[in-house]
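Good morning, colleagues. Please keep the sequence and the coordinates on your screens while I speak.

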Amino acid sequence: MAAREKELDFEINLMSVISIMSICICFLLTLSVWNRYGMVTVQQAIGDVLPDSGANPNALHVKLHRSGEINADWIDGKNIKKIQSITIPATSQEKLNLNVLKTKISNLLSKVPETKTVLVMPENQVSYGETLKAMEILKGLNLNVGLAPA
């Protein structure tokens, strides 16, 4: 018996390869046009859109430390300088003293009512729940609240 010889000719289905290549070409053409002419207009998620007055508004920077201490700095928008600084010590359990934060910030706002923006800057080890509680208290004082890393 003679051994069978293997066939060297085989068929490749090129339809699937051509389909995938055409999809890739369409995607790349669309992407290049989108990068050149496409725009997405978005609006600010929190707060009002400020008119283009050229002057920065006054703002509060509230820093939440992992030790429970809170530093609140009042920043003058015109000169970008720290005008007043408030330090609130931690409670006995090394937690944020949010009641004192509310009273001190409301006292500051009574002196400077044009301040409408607060930037909360927690350190990495500050719990998410305490950060949200501080943001809720500040938002309850009719302030626009933002979040940034410390």
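Before I turn to individual residues, one convention is needed: a contact means heavy atoms within 4.5 Å. With that cut-off, and leaving out residues up to four places away in sequence, Asn71 touches His61, Val62, Lys63, His65, Ile86 and Thr87. I should also state at once that we are looking at a predicted model.

Let me begin with the overall arrangement. The protein chain contains three helices and five strands. Their order along the sequence is α-β-β-β-α-β-α-β. The chain has 150 residues, of which 27% are buried. About 11800 Å² of the chain is exposed, and carbon and sulfur atoms supply 57% of that area. As for the contacts with a separation of 6 or more, 57% of them involve residues 24 or more positions apart.

I turn now to the interior. Which residues of the largest nonpolar core touch the most other members? They are Val62, Leu64, Leu101, Ile105 and Leu138, in a core of 25 residues. At least two residues of this core come from each of strand 1 (59-64), strand 2 (70-76), strand 3 (81-88), helix 2 (98-111), strand 4 (117-122) and helix 3. Helix 2 gives the largest share, five residues. As a general remark, nonpolar side chains in soluble globular proteins tend to be buried together.

Val62 serves as an example from this core. Setting aside neighbours within four places in sequence, Val62 is in contact with Ile70, Asn71, Ala72, Leu101, Val118, Leu119, Val120, Met121 and Leu138.

Asn71, which appears in that list, deserves a second look. Asn71 belongs to strand 2. Is Asn71 buried or exposed? Asn71 counts as buried because its relative accessibility is 17%, and the limit for buried is under 20%. Its side chain makes a polar contact of 2.9 Å with the side chain of His65.

His65 itself sits in the loop between strand 1 and strand 2. Beyond residues up to four places away in sequence, His65 touches Asn71, Leu96, Glu123 and Val126.

The next topic is charge pairing. How many salt bridges does the count give? The count comes to one salt bridge. It is formed by the side chains of Asp73 and Lys63, at 3.6 Å from N to O. This pair links distant parts of the chain, with Asp73 in strand 2 and Lys63 in strand 1, ten residues apart. The two partners fall into separate accessibility classes: Asp73, at 4% relative accessibility, is buried, whereas Lys63, with a relative accessible area of 30%, is partly exposed. In general terms, side chains of opposite charge can pair when their charged atoms come close.

I move on to the loop between strand 3 and helix 2, where Pro89 is found. Pro89 counts as exposed because its relative accessibility is 53%, and exposed requires over 50%. Apart from neighbours within four places in sequence, Pro89 is in contact with Gly68 and Asn97. The C-alpha atoms of Pro89 and Leu101 lie 9.8 Å apart, with these positions twelve residues apart along the chain as the separation.

Ala90 is found in this loop too. Ala90 is partly exposed, at a relative accessible area of 29%. Its contacts, not counting residues up to four places away in sequence, are Ser67, Gly68, Glu69 and Lys95. Ala90 and Ile70 are 20 residues apart in sequence, and their C-alpha atoms are 7.4 Å apart in space.

Two surface features remain. The first topic is a nonpolar surface patch of about 790 Å², made by Phe10, Ile12, Leu14, Met15, Val17, Ile18 and Met21. Ile12, one of these residues, lies in the segment before helix 1 (14-37). Ile12 is exposed, with a relative accessible area of 58%.

The other is a matter of backbone geometry. Most residues other than glycine have a negative phi. Asn142, which is not a glycine, has a positive phi, near 60 degrees. Where in the chain is Asn142 placed? Asn142 is in the loop between helix 3 (128-140) and strand 5 (144-147). Asn142 is also exposed, because its relative accessible area is 63%, and the threshold is over 50%.

To close, I would recall two items: the core of 25 residues, and the Asp73 and Lys63 salt bridge. Thank you for your attention.

Technical notes: Residues are numbered from 1 along each chain as its sequence is written. This is a predicted model: local features need pLDDT of at least 70, side-chain atom pairs count only at pLDDT 80 or more; totals for chains, interfaces and linings use all residues. Side-chain values use heavy atoms; hydrogens and water are left out. Helices (H or I, at least four residues) and strands (E, at least two) are DSSP runs, numbered from the N terminus. Buried means under 20% relative accessible area, exposed over 50%, partly exposed in between (1.4 Å probe, protein chains only). Accessible areas come from the Shrake-Rupley method with a 1.4 Å probe; for residues, only the protein chains shown count as cover. A nonpolar core is a set of buried Ala, Val, Leu, Ile, Met, Phe, Trp, Tyr and Cys residues joined through side-chain atoms within 4.5 Å. A polar contact is a pair of N or O atoms within 3.5 Å; within protein, one must be able to donate a hydrogen and the other to accept it, and residues adjacent in sequence count only if both atoms are side-chain atoms. Patches are made of residues with over 30% relative accessible area and no salt bridge: like charges are joined within 9 Å, nonpolar side chains (Val, Leu, Ile, Met, Phe, Trp, Tyr) within 5 Å. A salt bridge is a side-chain nitrogen of Lys or Arg within 4 Å of a carboxyl oxygen of Asp or Glu.
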